[in-house]
Amino acid sequence: MQFAGFLTFVCLTMAALEARGQPVDFVRDVQPIFEKNCVKCHGPEKQKSGYRLDVKTVALKGGDEHAPNVVPGKSAESPLIRFVAGLDADVKMPPKGDALTAEQVALLRVWIDQGAVWPEGADAKVAGPLDWWSLKPMVKPAMANSIDAFIGAKLAEKGMKPSPEADRRTLIRRVTFDLTGLPPTPEEVDAFLADTDPRAYEKLVERLLASPRYGERWARHWLDVAHYGDSHGYDKDKLRPNAWPYRDYVIRAFNEDKPYARFVQEQLAGDALFPGTEDGIAALGFIAAGPWDFIGHAELAESKLDGKIARLLDRDDMVTNTMNTFCALTVQCARCHNHKFDPVTQRDYYRLQAVFAALDRADKTFDTDPAVARW
């Protein structure tokens, strides 16, 4: 269809819409056009020219260059119509993909001529950057029952029944594997089966938690979080003969039921907060637990570009592991741009990196005897 013919068709369509005697409904007629064709560039993720068509206040008044883009009652004077109808040789909207149809343009024109009515509460439901379950405070469910109530409700919904209660032999195997990673011995099974004490299960759990095997089993999960390795990784995957004190520190912390706050402090600043202590030094292995580019650090001078890159990546690993572990936030994206979801800006990221900027990975001498350590 030629341009003149398109305009004629728009006018005829407008006349037909106006003849029906019903106002154009924003939610039913207009909002779907915006959502399909416009909000990709003028919505919550992008706001080209400072303009968006998912929020009333900006759509009717905002924009960097042509505000207001919508002039209620005057579609012929509204830049929005000029752009979507192809009346502007320099600006075509949408810039990519199919242009709006004549009927869609006519709908927008009639809507504007009828006063551009945008009901309150009709803005697109867009989640804010902090509107996410993991960033909200925990709320206790409005019920006093145990977690079994949640499971029971879902089973009932699916028409299923719970498994029968485990017998004692099954129970001791499950809890022993869970807490120690090892099966119970035949003697332990027999003793549990013969124990008539009503607290037999509680005593079993307490015995397993007191076992050194408990720390060895559950420390593995923390070592995975810290991406602990006994070698450097990268091209020259050299062994780390002195990495094991950190591994043993984590096992010891679990077995001693170390308070979590102290556990965190020791791993991030043990030498400053708890000088002269074994754990204050060994715990710092957390910062150095990850992969390390031996070539980039040991064989290339820091003055060379590859050496600088290696050190930047090393500091990034320290920041990333610290924030991922203790804050459950992925901050590494902010190394190049403000994070699009987590509330971390590029400025925040480099402030965090500055905390680790003066650090290097190296062996540090310490002693388990505080007096010897001080000496």
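Before you click anything, one cut-off: a residue is buried under 20% relative accessible area, exposed over 50%, and partly exposed in between. Keep that handy, and keep in mind that this is a predicted model.

**Stop 1: a glycine in a loop**

Select Gly73, which sits in the loop between α3 and α4 (79-84). Its relative accessibility is 38%, so Gly73 counts as partly exposed. Now add Leu268 and draw a C-alpha to C-alpha distance: the two are 62 Å apart in space and 195 residues apart in sequence.

**Stop 2: zoom out**

Show the whole chain as a cartoon. What will you see in the way of helices and strands? The protein chain has 17 helices and zero strands. Along the principal axes, the C-alpha atoms fill a box of roughly 90 × 65 × 35 Å. The radius of gyration is 32 Å, whereas a compact globule of 375 residues would come in near 21 Å. If you colour by accessibility, 34% of the 375 residues count as buried.

**Stop 3: the lysine patch**

Switch to a surface and select Lys40, Lys46, Lys48, Lys96 and Lys340, which together form a positive patch. Centre on Lys40, in the loop between α2 (26-37) and α3 (56-61). Is Lys40 buried or exposed? It has 71% relative accessibility, so Lys40 is exposed.

**Stop 4: a greasy patch**

Keep the surface on and pick Tyr234, Leu305, Ile309 and Leu313. These four make a nonpolar surface patch of about 390 Å². Ile309 is a good one to label: it belongs to helix α15 (residues 305-327), and with a relative accessible area of 39% it is partly exposed.

**Stop 5: salt bridges**

Back to sticks. The salt bridge count comes to 22, and three pairs get a visit here.

Start with Glu120 and Lys56, a salt bridge whose closest N and O atoms are 2.8 Å apart. Glu120 is in the loop between α5 (102-113) and α6 (147-157) while Lys56 is in helix α3, so this pair ties together parts that are 64 residues apart in sequence. Check the accessibility of the two ends: Glu120 is exposed at 69%, whereas Lys56 is partly exposed, with a relative accessible area of 21%.

Next, jump to Lys203 and Asp197. Their closest N and O atoms are 3.3 Å apart, and they form a salt bridge. Lys203 has 32% relative accessibility and counts as partly exposed; Asp197, at 27%, counts as partly exposed too.

For the third pair, select Arg252 and Asp279, whose side chains meet in a salt bridge at 2.5 Å, N to O. This pair links distant parts of the chain, with Arg252 in helix α11 (residues 244-255) and Asp279 in helix α13 (residues 278-282), 27 residues apart. Which side of the cut-offs does each fall on? Arg252 is partly exposed, with a relative accessible area of 22%, but Asp279 is buried, at 13%. Now widen the selection to Arg252, Lys258, Arg262, Glu266, Glu278 and Asp279: salt bridges that share partners join these residues into one network.

**Stop 6: backbone oddities**

Turn the side chains off and look at some torsions.

Go to the peptide bond from Met93 to Pro94. What is its omega? It is near -5 degrees, and the bond is cis. Pro94 is in the loop between α4 and α5.

Then find His227, in the loop between α10 (212-225) and α11. His227 is not a glycine, yet it has a positive phi of about 40 degrees. With a relative accessible area of 32%, His227 is partly exposed.

Finish at Asp257, in the loop between α11 and α12 (260-273). Its phi is near 55 degrees, again a positive value in a residue other than glycine. Buried or exposed, then, for Asp257? Its relative accessible area is 66%, so Asp257 is exposed.

**If you want a second lap**

Try showing the Lys40 patch and the Ile309 patch on one surface, in two colours. Then overlay the network that includes Arg252 and Asp279 as sticks, and label Gly73 and Leu268 again, with 62 Å between their C-alpha atoms.

Note on methods
Residues numbered from 1 in each chain as written. Predicted model: local features only at pLDDT ≥ 70, side-chain atom pairs only at ≥ 80, totals over all residues. Heavy atoms only, no water. Patch = residues over 30% accessible without salt bridge, like charges linked within 9 Å, V, L, I, M, F, W, Y side chains within 5 Å. Areas by Shrake-Rupley, 256 points an atom, 1.4 Å probe, with all protein chains shown as cover. Lys, Arg positive; Asp, Glu negative; His and termini not counted. Charge placed at Lys NZ, Arg CZ, Asp CG, Glu CD. Helix = DSSP H or I, 4+ residues; strand = E, 2+ residues; numbered from the N terminus. Buried < 20%, exposed > 50% of the residue type's maximum accessible area, 1.4 Å probe, protein only. Rg over C-alpha atoms; globule rule 2.2 N^0.38 Å.
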